[in-house]
Amino acid sequence: MSTSIQGAWLAADGLKHVLQEDLLLRGVEVVAWHGMLALSTHKALYSPWALDIWTAPQRASITSIRNASDTLRAIQRNWSLYAVDNFRRSGLIVQKLPPVKAAPLVFPTPAPTSPLGAWTLLDTSSLLFSATKTSPFVNGAPEFVENRTDPPSRAYLKLWEACTRLGRWPAAGERCYDLGATPGGWTWALANLGAQVTAFDRAPLAPSVEAMPCVSFQQASAFGLDPKQLPATDWVFSDIIAYPQRLLRLTRAWIDSGQTKNIVLTVKFQGETDHETVAAFEAIPGGALAHLAHNKHELTFFWSQEAADKGVSPLPTTIT
């Protein structure tokens, strides 16, 4: 590969084509793929479909295992490997680098703040690396100490990741609405923070979740609610399955009502990706989209009134 790589975007499994489509709409041509890593001569810019973005990629020729590790160590301490092939050679380089402490997080815990670079072997004698990237986690995927007994579904991990990515979560006593809550994975996670959660759904919650002291349940459709007729809330959460355009209307209704300070909502796609609706979500002042490691063919939308008032993104790690 003789081209000068200036941007690299890591796609999630099964979503290479979606990332490539999104980048093309942003004026970025993918000149090559290295596994799930999209490479371009275009300077790195933000795409919500990337798990991680290498913001300052460089290429170096290496003559040995020691030469590769010395090249990286001369720049900074912490490096994470993205391995596509040349696994043995990559593993030997890892052994000569300082270990990256990536113990599973006990939620709620802030994301790591130590600088973390990324690297890969393009071939046995070519190193591609970036000292900076958008995610503080190895290959954009946080790991959590899971609770395998109490929550009614594993959807709580998506909420944990969303709050960790946001850098904030509901405080004890804050009011939360969970729209389309059943069976209650997100409600369970919010109630465990000590938040006062009202769950809305046409189907009942899991009995163990509804019995939690911080939880109340209202049998109602998320789309039938009038935000202006409900008490003001600190947070609105939703992991409901619906067409993206419908979720966009729901989101705008809550923002326009002035009845919430924060929104965290999953935008789910059926069939082809609705890039037009993605752009509409991104155009909302104070909002941002991101693909989480626990997302499938979906994005998570974040919004806060504070970010809207300041004219900034609610996410701390995005790039322009």
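Modeller: The expected span of a helix is 1.5 Å times one less than its number of residues. The model discussed here is predicted.

Biologist: What distance lies between the end C-alpha atoms of helix α7, and what span is expected?

Modeller: Helix α7 covers residues 244-257, which makes 14 residues. At 1.5 Å a residue, the expected span is 20 Å. The model agrees, because the end C-alpha atoms of α7 are apart by 20 Å.

Biologist: Which elements do the buried residues of α7 pack against?

Modeller: The buried residues of α7 include Leu247, Leu248, Leu250, Trp254 and Ile255. Pro244, Thr251 and Ser257 are also buried. The buried residues pack against one helix, α8 (275-282), and against the strands β9 (175-179), β12 (233-238), β13 (260-268) and β15 (298-304).

Biologist: Which residue follows α7, and what is its phi?

Modeller: Helix α7 ends at residue 257. The residue that follows has a positive phi: Gly258, near 70 degrees.

Biologist: Where in the chain do Asp52 and Lys133 sit, and how many residues apart are they?

Modeller: Their side chains meet in a salt bridge, 2.6 Å from N to O. The pair links distant parts of the chain. Asp52 lies in strand β4 (residues 50-54), and Lys133 in the loop between β8 (126-130) and α4 (156-166); they are 81 residues apart.

Biologist: Is Lys133 buried or exposed?

Modeller: Buried means under 20% relative accessible area. Its partner Asp52 has 1%, so Asp52 is buried. Lys133 has 12%, so Lys133 is buried.

Biologist: What separates Asp70 and Arg66 along helix α2?

Modeller: Asp70 and Arg66 form a salt bridge, with the closest N and O atoms 3.9 Å apart. Asp70 is partly exposed at 38% relative accessibility, and Arg66 is partly exposed at 45%. Both belong to helix α2 (residues 65-73); they are four residues apart, so the separation is about one helical turn.

Biologist: Which strands does the salt bridge between Asp234 and Lys261 link?

Modeller: The closest N and O atoms of Asp234 and Lys261 are 3.4 Å apart. Asp234 counts as buried, at 16% relative accessibility. The two residues are 27 apart in the chain, and the strands linked are β12 and β13.

Biologist: Which residues do salt bridges with shared partners join into one network?

Modeller: The whole structure holds 11 salt bridges. Some share partners and form one network. Its members are Lys158, Asp239, Lys268 and Glu298.

Biologist: How far apart are the end C-alpha atoms of residues 153-240?

Modeller: UniProt, in an unreviewed entry, lists this stretch as "domain: Ribosomal RNA methyltransferase FtsJ". The stretch is 25% helix and 25% strand. Its end C-alpha atoms are apart by 14 Å.

How values were computed:
Residues are numbered from 1 along each chain as its sequence is written. This is a predicted model: local features need pLDDT of at least 70, side-chain atom pairs count only at pLDDT 80 or more; totals for chains, interfaces and linings use all residues. Side-chain values use heavy atoms; hydrogens and water are left out. UniProt positions are given in the numbering used here, feature names are shortened, and annotations may be inferred rather than shown by experiment. Buried means under 20% relative accessible area, exposed over 50%, partly exposed in between (1.4 Å probe, protein chains only). Contact means heavy atoms within 4.5 Å. A salt bridge is a side-chain nitrogen of Lys or Arg within 4 Å of a carboxyl oxygen of Asp or Glu.
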